[in-house]
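Please look over the model below. The numbered points after it cover helix packing, backbone angles and cysteines.

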Amino acid sequence: MLEVPVIQDEHVEILLSDLLEQYGYDFTGYSRASLKRRISRLYTLDKALSFAEFRYRISDDQAYFKRFVEQITVNVTEMFRDPSFFRTLREEVLPKLGTYPFIRIWLAGCSTGEEAYSISILLKELNLLHKSLIYATDLNPAVLEKAAQSMFAMSQMKQYSENYILSGGLKDFSSYYTASYSLAKFNEDLKSKIIFSTHNLVSDHSFNEFQLILCRNVLIYFDRDLQHNVLDLFDNSLEGLGYLALGSKETVDFSRIAKRYKRLPGEKIWRKIG
């Protein structure tokens with residue numbers, strides 16, 4: 001006998017409607033398969049007795065609502081993830097931006113901050129950190145709180161160090177943090193040029209002009225219409241000759257902005273030429 005999944009398609013729609021009406025969070029453009037998978041996981045994890053109880057808890061318990069949003073939006077991330085991507089930033093993109101008097105970078109969907117600190121390290125090694133500002137944004141306030149602490153598990157440092165070396169790192173990676181029991185606390189100067197802030201790619205507008213926008217492995221969770229809208233937002237936020245970086249399975253091809261962008265060889269990085 002086939003086991004009926006605990007969360008049905010109509011349950012997902014009911015929850016999305018609740019979130020929009022009650023909290024103003026619009027997840028209606030997110031991939032249904034991904035949402036259903038994440039909601040089902042949370043439902044099972046927290047041993048909900050019924051869908052009605054689960055729904056009531058999300059709408060009535062503020063702390064649980066925060067947990068719900070965290071679970072359905074959090075992205076898997078690591079420092080210097082995809083080292084060849086960071087090598088391209090180091091060798092091609094950032095040196096060109098280094099000719100600007102000031103560099104503004106938007107990291108959209110920054111999750112717990114690993115990518116933000118990675119970029120800060122790159123800028124420091126290129127002697128550009130003093131004239132740069134990284135705006136690291138996410139929909140989820142809980143992950144931003146964690147990111148702002150600049151602390152990551154010591155157990156991850158071996159992997160992060162390997163990534164860093166493969167990305168062209170110039171120093172001993174351990175010089176960037178202080179070990180404290182099971183945690184690595186990253187140096188304050190790296191954090192000093194990062195602004196962590198909530199921003200909803202679905203409903204919020206452009207808030208500055210940037211020379212580099214990174215949004216890696218976020219668009220894959222959106223449907224095609226929402227992807228187009230977010231790419232329009234990035235286009236409106238990017239200066240001429242600025243760079244847009246996406247995840248390995250994402251593209252500007254087939255979008256409304258495609259004709260204004262030229263891709264760099266190898267990586268999912270485009271330069272705005274139009």
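1. Helices α2 and α4 are oblique to each other. In this predicted model, the axes of α2 (residues 32-45) and α4 cross at roughly 135 degrees and come within 9 Å. The value of 135 degrees falls short of the roughly antiparallel class because that class takes angles over 145. The crossing of this pair, α2 with α4, is right-handed.

2. Which residues of α2 and α4 meet? From α2 come L35, R38, I39, R41, L42 and L45, and from α4 come Y64, R67, F68, Q71, I72 and T73. Sorted by class, the contact of α2 with α4 has seven nonpolar residues, three charged and two polar.

3. Helix α4 (residues 62-73) also packs against helix α1 (residues 9-23), at an angle of about 125 degrees and with the axes 13 Å apart. α1 and α4 are therefore oblique to each other as well. Here the crossing is left-handed, whereas that of α2 and α4 is right-handed.

4. On the α1 side, the residues that meet α4 are L15, L19 and Y23. Their partners in α4 are Q62, F65 and F68. The contact of α1 with α4 holds five nonpolar residues, one polar and no charged. F68 of α4 appears in the contact with α1 and again in the contact with α2.

5. A further helix pair is α5 with α8 (residues 157-166), packed at an angle of about 45 degrees with axes 8 Å apart. That angle makes α5 oblique to α8, because the roughly parallel class is kept for angles under 35 degrees. α5 passes α8 in a right-handed crossing.

6. What makes the contact between α5 and α8? α5 supplies P83, R87 and R90, while α8 supplies N163, Y164, I165 and L166. By class, the contact of α5 with α8 divides into four nonpolar, two charged and one polar.

7. Two backbone angles deserve a check. Most residues other than glycine have a negative phi. F80 is not a glycine, yet its phi is positive, at about 55 degrees. F80 sits in the loop between α4 and α5 (83-97). Is F80 buried or exposed? F80 is buried, with a relative accessible area of 0%.

8. The other case is N127, a residue other than glycine with a positive phi near 60 degrees. N127 belongs to the loop between α6 (114-125) and β2 (132-138). At 57% relative accessibility, N127 counts as exposed, because the cut-off for that class is over 50%. F80, by contrast, is buried.

9. How many disulfides does a search of the whole structure find? The search finds zero. A disulfide is a covalent bond between the sulfur atoms of two cysteines. For C110, the closest cysteine sulfur is that of C215, and at 10 Å it is too far for a bond. Going the other way, the closest cysteine sulfur to that of C215 is in C110, again 10 Å away and too far for a bond. The cut-off for a disulfide is 2.5 Å between the sulfur atoms.

10. The surroundings of these two cysteines can be stated briefly. C110 counts as buried, at 2% relative accessibility. C215 counts as buried too, at 0%. Buried here means under 20% relative accessible area.

Terms used:
Residues are numbered from 1 along each chain as its sequence is written. This is a predicted model: local features need pLDDT of at least 70, side-chain atom pairs count only at pLDDT 80 or more; totals for chains, interfaces and linings use all residues. Side-chain values use heavy atoms; hydrogens and water are left out. Buried means under 20% relative accessible area, exposed over 50%, partly exposed in between (1.4 Å probe, protein chains only). Axes are lines fitted to C-alpha atoms, for helices over the stretch in contact, and angles run from 0 to 180 degrees between N-to-C directions. Helices (H or I, at least four residues) and strands (E, at least two) are DSSP runs, numbered from the N terminus. Angles under 35 degrees count as roughly parallel, over 145 as roughly antiparallel, 65 to 115 as roughly perpendicular and the rest as oblique. A crossing is left-handed if the near helix is turned anticlockwise from the far one by less than a right angle, and right-handed if clockwise. Contact means heavy atoms within 4.5 Å. Ala, Val, Leu, Ile, Met, Phe, Trp, Tyr, Cys and Pro count as nonpolar, Asp, Glu, Lys and Arg as charged, and the others, Gly among them, as polar.
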